[in-house]
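This report goes through selected features of the model shown below, beginning with one strand and its partners and ending with a contact between chains.

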Amino acid sequence: MRDNQDQIAVSGAPSPALDDTPARLRFRDDAPFESPIAPLADFLAGGNFAAVRIEPGEDAHELVPHFDRLKLVEIAFPKFRDGRGYSSAAVLRQAGFTGEIRAAGDVLVDQIGFMRRVGFDSFAPNKPLDPKVVKATLDRYPYVYMKAADGKVPVWALRHG
Amino acid sequence: MPRILTGNRLETGDVLWWHGHCWSTQISDAVEIGAEGEALLAGLIAAERINDPTFIEVTGEPGAFVPTTTRERVRASGPSVRADLARGSLSVEAI
Amino acid sequence: MYRYDQYDQAIVDARVAEFKDQVGRRLRNEITEDQFKPLRLMNGLYLQLHAYMLRVAIPYGTLSGTQMRMLAHIARTYDRDYGHFTTRQNIQYNWIKLEQFSDLLDDLSKVEMHAFQTSGNCIRNISSDQFAGAAADEIADPRPYAELLRQWSTLHPEFSFLPRKFKIAVIASDSDRAAIQLHDIGLQLYRNAAGMLGFRVYVGGGMGRTPIIGKVVREFIPVGQFLSYSEAILRVYNRHGRRDNIYKARIKILVTELGIEEFTRQVEAEWATLEPLGLDAPQAEYDRIIAQFADPAYEIGAPDTIDLSDPDFKLWVDQNVHAHKQPGYAIATISLKPKSGIPGDASSAQMDVIADLADKYAHDEIRVTHSQNLVLAHVKKADLYAMWQALAAADLATPNLDLVTDIIACPGMDYCTLANARSIPIAQKIAAKFENSISEQRDIGELKIKVSGCINGCGHHHAGHIGILGVDKKGEEAYQLLLGGSGAEDASLAKILGPGFDENGIIDAVDKLIAFYRSARSAPTERFLDTYRRLGAAPFKEAVYA
């Protein structure tokens, strides 16, 4: 077995099971939303759902006209190295979605910081996260270089007031 | 063709060969691995203290095994272009 | 050059602390190797044939004497007393231990250096022109914009798990000394007809398994919007780049599969949503960074002639010294391709010599070129001789810039787990045929030979006038021969000439190519590449294979 460094394909990994239990880590004040989470196709076909699941290859833009009836978007991470879900969350927040965005599946504690920045506010990882490490991760960086959905002030704004 | 077991130490990246009950940084210490190898390898992979444990084919006699591929000979000796950095039990000339 | 402020330093320090924590968790088996590996790679640490290899970032190839001294210290303290300068203007160390890595990162952070994002599926080191700030043909120094990109891309939360690596290069002249058309994004700074400063944006260039020359996605983007525009390109790539096949995961494949029109449409649509969000840094930030790249305090009236009476010195000036925009000054290239040497390698002692010379003669600034050489860009002509003597004493004065012995070679199978064949011995054996006669080398003239040990192409063989690619032939090392590549503004991709060779065969083939070129060139001043472009491959093929 030779170390191929970073050269391993990620797509084709099985998606995490739809998780209807309350998320294990949540950064919202409102009550957790408990309801069936529909696959995107079912949601768009007009079912009465308030929660939807986005797979890595699916287009988050398709949800934009439906924000008014959506409480929760669950974004799947079948493999942690598949970074498409980060853009899905960013797209939703930039389009004005204020509901819950949950990262589900192969979610590791070392990605939590990035995920919070792009707009995830709840997490349903396959394996439980160590709360101490989560806290350390989220408190790690005193500054950020660029703007993102979390609204943190980028360094260039601190420099120039 | 005989096979031996090799890997890299997690903490240091050192190239290692299985010496029978422990690891050595010298290929001259490598032992031939028989049927017990699969269980040994599975245990190493699970323990995750040795990176990329794998079997490689060699020629020659115990104490003087030479890997059959150039890559593994380089790995056993050192860069072929820096004889001064050679590891010891396989010379760059053998690459 | 750019100096960290408190914010930059705090971010580096936090990143170092974070990685120390991750290493600790790995050593205690609290995370798996599979989870740890991307984290390790995002901090530039590979596991290679002999040990861990560390790639330290040298942002856009610029470093100070103090930083070079630290690189020497790292070589002595944590490695085996040498380092390797790379084709993306970084430095690599080959014998690093994971358990010492925290101390090493601490040392680097003391001099504003790090190894972030020099590996992994993220945005890598931004590369630029090694003559930046000194060349007469540039519109402005491109490096402030490279610095803006560096900050924008560091720990970007949306783009840290891309389909594959992402490489950006920035230039500010028509001459392309950074091969921007062979990068994922290439940026050329220029003034449009209205006098506005902006970039021509190339996308989807690259070498490796599928070499492609980049295409223009946007003819002009004002400098004030180039970060949000880059964000749009990255988002399209992150969302749609292939994830099923690592050999088809670069943006060049996406651009090819969509076609440049559709790709452009998607980027423009994405940018329309991003541009209003205030992602671009304000003018004040541009001004702050540009001010740090102001011209050094030139000595006005410095003598503008060079005494060339020493013939060895004259050879070096002829070959390795370029004109500077400021009268009295010159740009000097330090060749790291000495006789019997290893391309791009420097000992810690040599690094210290270069640091001292930079401090004394070159306004304390050193650049790394993507040909694995170094540049001292602001040297008074009056100081060149003394500097050359010091370089010569350290075996750093080989007068072979762009000549046949100035070969680019990746580390290859002597060091790298990805390689199929060794590349350094090939470079050495080719060079050995010519290195004893500088006059023969000069007669051959400009000839860029580039050797890669595998299809990943870190030796840039597709951009070589002569390219050599190491392949595996039933467990044996073998080599393919390619001709006609160029990474300059006249970008072209080298093509395979014919069947491959073993090690002796490839050396012999290169010899025959050069002999044929000398017999067929229209004048001694016609470059090898131009003879090839004039005559085509057929006569060269016959010369090698007949």
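## A hairpin and its neighbouring strand in chain C

In this predicted model, Val368(C) has Leu374(C) as its bridge partner in β15(C). The two strands concerned, β14(C) and β15 (residues 374-380) of chain C, run antiparallel and are joined by 2 bridges. Together β14(C) and β15(C) form a hairpin in which 5 residues lie between the strands, and within that turn Gln372(C) has a positive phi of about 65°.

β14(C) also pairs with strand β3 (residues 62-64) of chain C, again in the antiparallel sense, over 3 bridges; here Leu63(C) finds its bridge partner in Ile366(C) of β14(C). As for the side chains of strand β14 (residues 365-368) of chain C, Glu365(C) and Arg367(C) point one way while Ile366(C) and Val368(C) point the other way, and all are buried.

## Two helices of chain C

Helix α11 (residues 348-361) of chain C and helix α12 (residues 384-393) of chain C have axes that come within 10 Å and cross at roughly 175°. Because angles over 145 degrees count as roughly antiparallel, α11(C) is described as roughly antiparallel to α12(C).

On the side of α11(C) the contact is made by Val353(C), Leu357(C) and Tyr361(C), and on the side of α12(C) by Met387(C), Ala390(C) and Leu391(C). By residue class, this contact of α11(C) with α12(C) consists of 6 nonpolar residues, with no polar and no charged ones.

## A buried position in chain A

Ile54(A) belongs to strand β3 (residues 51-54) of chain A, and Ile54(A) counts as buried because 25 C-beta neighbours lie inside 10 Å. Leaving aside residues up to four places away in sequence, Ile54(A) touches Leu40(A), Ala60(A), Val73(A), Ile75(A), Ala76(A) and Ser88(A). Pro36(A), which is 18 residues from Ile54(A) in sequence, is 14 Å from Ile54(A) in space, taken C-alpha to C-alpha.

## The contact between chains C and A

Chain C contributes 43 residues to its contact with chain A, and chain A contributes 37 residues. On the side of chain C that touches chain A, the elements giving two or more residues are α1 (6-27), α2 (33-42), β1 (45-47), α5 (143-153), α6 (226-240) and α9 (283-291) of chain C. The largest share of that side, 7 residues, comes from α1(C).

Divided by class, the residues on the side of chain C that touches chain A are 20 nonpolar, 14 polar and 9 charged.

Conventions: Residues numbered from 1 in each chain as written. Chains lettered and ligands numbered in written order. Predicted model: local features only at pLDDT ≥ 70, side-chain atom pairs only at ≥ 80, totals over all residues. Contact = placed C-beta atoms within 7 Å. Helix = DSSP H or I, 4+ residues; strand = E, 2+ residues; numbered from the N terminus. Nonpolar A, V, L, I, M, F, W, Y, C, P; charged D, E, K, R; others polar. Buried ≥ 20, exposed ≤ 12 C-beta atoms within 10 Å, placed from the backbone. Axes fitted to C-alpha atoms, helices over the stretch in contact; angles between N-to-C directions. Parallel < 35°, antiparallel > 145°, perpendicular 65-115°, else oblique. Pairing = 2+ DSSP bridges.
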